[in-house]
Amino acid sequence: MTDTEVRLRTAHTADLAPAESAAIRAMLDAAFAGHPDGAFTDADWDHTVGGIHVMAWEGDALIGHASVVQRRLLHGGRALRTGYVEAVAVRADRRRRGHGSALMSVAERYIRGAYELGALGAAEEAVPFYTGRGWQLWQGPTSVLTPHDGVVPTPDEDGWIYVFPLAPTPLDPTAPLTCDWRDGDVW
Ligand SMILES: CC(C)(COP(=O)(O)OP(=O)(O)OC[C@H]1O[C@@H](n2cnc3c(N)ncnc32)[C@H](O)[C@@H]1OP(=O)(O)O)[C@@H](O)C(=O)NCCC(=O)NCCS
């Protein structure tokens, strides 16, 4: 028996068919069930939408997903237009076959072409996956710009934020990095 071909598709959230959207949510719910970082929540879904989705389809089954959404990260006195990577997952029985890498290659092309910086919050098990692709640990302190209390440190996130530097953007990875506000996990 030959393997079913895996097809990559990219679409803005606005162009997802309802069935595609439902397939993405179901795949993410399953992929993060029992995950050390916790289950996939409605807030996580809110962070997943509003940008570009990269999907890996095996026939009519969705086996992988990543999305890139725009955020502003404050660094060195600038509000960097950032392609933030969310909801990266490959179905458990299809991991270590290169599908995650294929999804990230497309996500990184969007980041290179449209943003000043790429960023993501990594799960521990995914660190070798991202570092192997050139993502770099943010070594400086992280924080969030809150609506009422200004810039508030996010020490639990220190050591888990990775960036995809782009040559024209000056970065000091030992200096502070602040994300914009949102409900749920801010990073
Ligand atoms: C992280 C994840 C998306 C990787 O997808 P994948 O399709 O298995 O990744 P790939 O096959 O493209 O892996 C490419 C390389 O990354 C590294 N890598 C991937 N998963 C790894 C793991 N669990 N441990 C160590 N290295 C890993 C390896 O170097 C791998 O190359 P190799 O298989 O030749 O050794 C997948 O494990 C997953 O869905 N995990 C659960 C959800 C999750 O944690 N997502 C990340 C949230 S930040």
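**Exercise 1. Burial and overall dimensions**

What percentage of the 187 residues in the protein do buried residues make up? Then compare the radius of gyration with the globule rule.

Solution. The model is predicted, so local features need pLDDT of at least 70 and side-chain atom pairs count only at pLDDT 80 or more, while totals for chains, interfaces and linings use all residues. Residues are numbered from 1 along each chain as its sequence is written, and side-chain values use heavy atoms, with hydrogens and water left out.

Step 1. Buried means under 20% relative accessible area, exposed over 50%, and partly exposed in between (1.4 Å probe, protein chains only). Buried residues make up 45% of the 187 residues.

Step 2. The radius of gyration is taken over C-alpha atoms, and the globule rule is 2.2 Å times the number of residues to the power 0.38. For 187 residues, a compact globule would have a value near 16 Å; the protein has 16 Å, which agrees.

Step 3. Along the principal axes, the C-alpha atoms fill a box of roughly 55 × 35 × 30 Å.

**Exercise 2. Secondary structure**

State how many helices and strands the protein has, and give their order.

Solution. Step 1. Helices (H or I, at least four residues) and strands (E, at least two) are DSSP runs, numbered from the N terminus. The protein has 4 helices and 10 strands.

Step 2. From the N terminus on, the order is β-α-α-β-β-β-α-β-α-β-β-β-β-β.

**Exercise 3. Salt bridges**

Locate the salt bridges of Arg-25, Arg-94 and Arg-78.

Solution. Step 1. A salt bridge is a side-chain nitrogen of Lys or Arg within 4 Å of a carboxyl oxygen of Asp or Glu. The whole structure holds 10 salt bridges.

Step 2. Arg-25 pairs with Asp-42 at 3.1 Å, N to O. This pair links helix α1 (residues 18-32), which holds Arg-25, to helix α2 (residues 42-48), which holds Asp-42, across 17 residues. Asp-42 counts as exposed because its relative accessibility is 59%.

Step 3. Arg-94 pairs with Glu-58 at 2.8 Å, N to O. Arg-94 lies in the loop between β4 (78-90) and α3 (99-114) and Glu-58 in strand β2 (residues 52-58), so the pair ties together parts that are 36 residues apart in sequence. Both Arg-94 and Glu-58 are buried.

Step 4. Arg-78 pairs with Glu-116 at 2.5 Å, N to O. Arg-78 is in strand β4 and Glu-116 in the loop between α3 and β5, 38 residues apart. Arg-78 is partly exposed at 36% relative accessibility, whereas Glu-116 is buried at 17%.

Step 5. Salt bridges that share partners join Glu-58, Arg-91, Asp-93 and Arg-94 into one network.

**Exercise 4. Positive phi**

Describe the phi values and surroundings of Ala-87 and Arg-96.

Solution. Step 1. Most residues other than glycine have a negative phi.

Step 2. Ala-87 has a positive phi of about 50 degrees. Ala-87 sits in strand β4 and is buried, with a relative accessible area of 10%.

Step 3. Arg-96 has a positive phi near 60 degrees. Arg-96 sits in the loop between β4 and α3 and is exposed, with a relative accessible area of 88%.

**Exercise 5. A buried strand residue**

Place Thr-178 in the structure and decide whether Thr-178 is buried or exposed.

Solution. Step 1. Thr-178 belongs to strand β10 (residues 177-179).

Step 2. Thr-178 counts as buried because its relative accessibility is 8%.

Step 3. The C-alpha atoms of Thr-178 and Val-152 are separated by 8.7 Å, with their positions 26 residues apart along the chain.
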